[in-house]
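User: I'd love a close look at one part of the backbone in this model, followed by a walk outward to whatever else deserves attention. Could you take me through it in one connected account?

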Amino acid sequence: MRKFWMLGCIILALLTACTANKWQPVEGSAELLKDLSWGCPGWVEVRDGTVLIGAGNEFRAYVNTYGPRLMTNGDFGVAVTLSAAQDNLAAFSLVGRLGTTDWWDGGRKLDVGLEAGQVIVNYYNGVSFMPSVAQTFAAEGLSGKVKLEVRRVITEFIILANDKEVGRVTAEDAFPDGFAYFGASVRPQNTLTLYDITVTAPPENTTVAVDFSGGSAYTPIEPPLRALADARNILIGGAVEPQHIRCDQTYAEVLGREFNILVAENAFKFWPIHPEQGRYDFTGADTVAEFAETHAMQIRGHTLVWHTSTPDWINNATFTQEQWNAVLQDHITTVVSRYKGRVAYWDVVNEGISENGVGLRKTVWSDGVGPDYIDKAFTWAHAADPDALLFYNDYAAEGMGGKSDEVYNLVKGMVERGIPIHGVGLQMHFVAGASPSPEDIARNIQRLGELGLQVHITELDIRLPVEASKDDLDQQANLYQQLLEVCTQAENCAAFVMWGFTDRYSWVPNSFSGYDHALIFDKAYRSKPAYFSLRKVLEMPQSLGPEDFGASCNCAP
Ligand code: XIL
């Protein structure tokens, strides 16, 4: 019995070795490094056909998003010749999906590289900072120029160093969109040099394809949206990420050209800006603020107080009530003061009403500071920048009904108590065909106006099924148009801000399974029907008067 087992093993080993050797380079793929749009100038240098990626003081993950992509429908291999200057991680990456912010935020990334004299494989599945797969393998000859190869067979990845298999890992759903970008990941102080990248194919699959069409398809139209919006005296913009401002040229171009307001999608939140007690990190927030200033854009600050995006030093804290007050006051004062005169609008408290729409949400802040934490937060923010306009921001409170009544009563109470609140943010994360009616939204905006409050549309996106049809896109465009009309027609609606602007980095696919395509530019920055429908509204002659609301208008002569 044992003999048969051994024989079986020998045959299997021979077969594996044999098949392994039959993997061949795909024709033309050795040219891959020649398309050198690696982004992030200053950290990536192209010298004599090789790419040098220096990390400096930070961990760097680059993605060549405008270069060629690997189509991942069948099995494939990628062989890279590389060398690392230091002993810490230097890896090539196959990026199956770009995250909104970083690898924990929806991205999918497989790193194969060198670390501490071994081959290292890390896989990030989009939900955690830590790789969901992290394995090292011993191998010979790992100094100087090394050839590392990864071969994907269904969900298994076979790892080779200098043409010898060193191990295997399994990474589920690594390429959900059917393609992978090439990238690299380098730890601080290290430099990675890439000499060549070659795509290889197993003997039974000759269809491995490299696609050169993933680049930008942005076609500027005159005049840009922001010029039309300026003429209508309205702010139009989107949520942004510092990383894309730095590393994606088209992203920065479209953002600066089309919009007159921006908001950071994550960079001003508690966790990124105040990661440890006593330590603030303004790197990302500053990138966003500086971009806005260079491009004469207004800034919405999002957000000072929220039940989520809190770091562990807050989540696990055992402070007294006095200490909680001091912590929150210090946070609000420090952040608002730093951007005093620069951030014109703050979402002071985000999503403070409970999930079921009744009463205040129970949060770390309501528990720690007490039920009056909202009043306190606004008062502290106002003390730090008396000129900033302060907003309460929430979702599912856009039209009329339970939760929106609750928000209305909350802010009405604040106004009556003399708390410095100036506006309400309506998030508007909508699904086409299932959103509140434009008439109800108009009525809600109007009643908030009667309290003397401004309204901003703060996080609009309209998601569609992944397999969206042309009709879906038209329906989406129609809703975008109606919502902008509501805002332009309401005297107190001053800003129309979307939760991003390109489908390329939207939070939607990661947060709503089966949905995508929620914004006005597609993943390659092509203008979608929704973009044109917004233009149409802004191009219309100056605002219709209240009489255009017809029957729903109760305006006195
Ligand atoms: C979301 C971001 O889009 C994601 O990138 C992040 O992982 C979680 O937060 N309501 C809000 C926003 O007020 O701050 C949220 O942003 C989306 C829902």
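Analyst: Let's start with T303, which has its place in strand 19 (residues 298–305). Please keep in mind that this is a predicted model. What joins H302 and T303? The link is a cis peptide bond, with omega at about 5°. As background, most peptide bonds are trans, and most residues other than glycine have a negative phi. Both of those habits have exceptions here, so they make a handy thread to follow.

A second cis bond joins E222 and P223, with omega at about -20°. P223 belongs to the loop between strand 16 (209–211) and helix 2. If we then look at the loop between helix 2 and strand 17, we find N233. Its phi is positive, near 60°, although N233 is not a glycine. N233 counts as exposed, because its relative accessibility is 72% and the cut-off for exposed is over 50%. A116 is another residue other than glycine with a positive phi, in this case near 50°. Its place is the loop between strand 8 (108–115) and strand 9 (118–124), and at 54% relative accessibility A116 also counts as exposed.

Helix 2 leads us on to helix 4 (residues 249–258), which is mostly covered, with eight of its 10 residues buried. Those buried residues are T250, Y251, A252, V254, L255, G256, R257 and E258. What do they pack against? Their partners are helix 2 (225–231), strand 17 (235–240), helix 3 (242–247), strand 18 (261–264), helix 6 (283–294) and helix 15 (529–539). One of the buried residues, Y251, also takes part in an aromatic cluster, where ring pairs link Y251 with Y218, F259, F501, Y505, F521, Y531 and F532.

That cluster brings us to the rings more broadly. How many aromatic pairs does the structure hold? There are 23. As one example, the ring centres of W507 and F512 lie 5.2 Å apart with their planes at 85°, so this pair is edge-to-face. W507 is partly exposed, at 24% relative accessibility, and F512 is also partly exposed, at 21%.

Rings have charged companions too. R300 lies over the face of F391, 5.1 Å from the ring centre. R447 places its charged end over the ring of Y408, at 4.6 Å from the centre.

The R447 and Y408 pair is a good way into a helix contact. The axes of helix 11 (residues 402–416) and helix 12 (residues 438–450) come within 11 Å and cross at roughly 10°. That angle makes helix 11 roughly parallel to helix 12, because angles under 35 degrees count as roughly parallel. On the helix 11 side the contact is made by S404, D405, Y408 and V411, and on the helix 12 side by N444, R447 and L448. Sorted by class, this contact has three nonpolar, two polar and two charged residues.

To finish the tour, here are a few positions elsewhere in the chain. T198 sits in strand 15 (residues 191–201) and counts as buried, at 13% relative accessibility. Setting aside neighbours within four places in sequence, T198 is in contact with P25, S29, A30, G77, V78 and A79. G28 is in the loop between strand 1 (24–25) and strand 2 (44–47), and at 47% relative accessibility it counts as partly exposed. Between the C-alpha atoms of G28 and E149, which are 121 residues apart along the chain, the separation is 17 Å.

D75 lies in the loop between strand 5 (69–71) and strand 6 (76–84). Is D75 buried or exposed? It counts as buried, because its relative accessibility is 18% and the limit for buried is under 20%. Again leaving out neighbours within four places in sequence, D75 is in contact with R152, V153, I154, P202, N205 and V208. From D75 to K340 the C-alpha to C-alpha distance is 54 Å, with their positions 265 residues apart in sequence.

Key: Residues are numbered from 1 along each chain as its sequence is written. This is a predicted model: local features need pLDDT of at least 70, side-chain atom pairs count only at pLDDT 80 or more; totals for chains, interfaces and linings use all residues. Side-chain values use heavy atoms; hydrogens and water are left out. Axes are lines fitted to C-alpha atoms, for helices over the stretch in contact, and angles run from 0 to 180 degrees between N-to-C directions. Helices (H or I, at least four residues) and strands (E, at least two) are DSSP runs, numbered from the N terminus. Angles under 35 degrees count as roughly parallel, over 145 as roughly antiparallel, 65 to 115 as roughly perpendicular and the rest as oblique. Contact means heavy atoms within 4.5 Å. Ala, Val, Leu, Ile, Met, Phe, Trp, Tyr, Cys and Pro count as nonpolar, Asp, Glu, Lys and Arg as charged, and the others, Gly among them, as polar. Rings of Phe, Tyr and Trp (its six-membered ring) pair if their centres lie within 6.5 Å; planes under 30 degrees apart count as stacked, over 60 as edge-to-face and the rest as tilted. Buried means under 20% relative accessible area, exposed over 50%, partly exposed in between (1.4 Å probe, protein chains only). A charge sits over a ring if NZ of Lys or CZ of Arg is within 6 Å of the ring centre and within 35 degrees of the ring normal.
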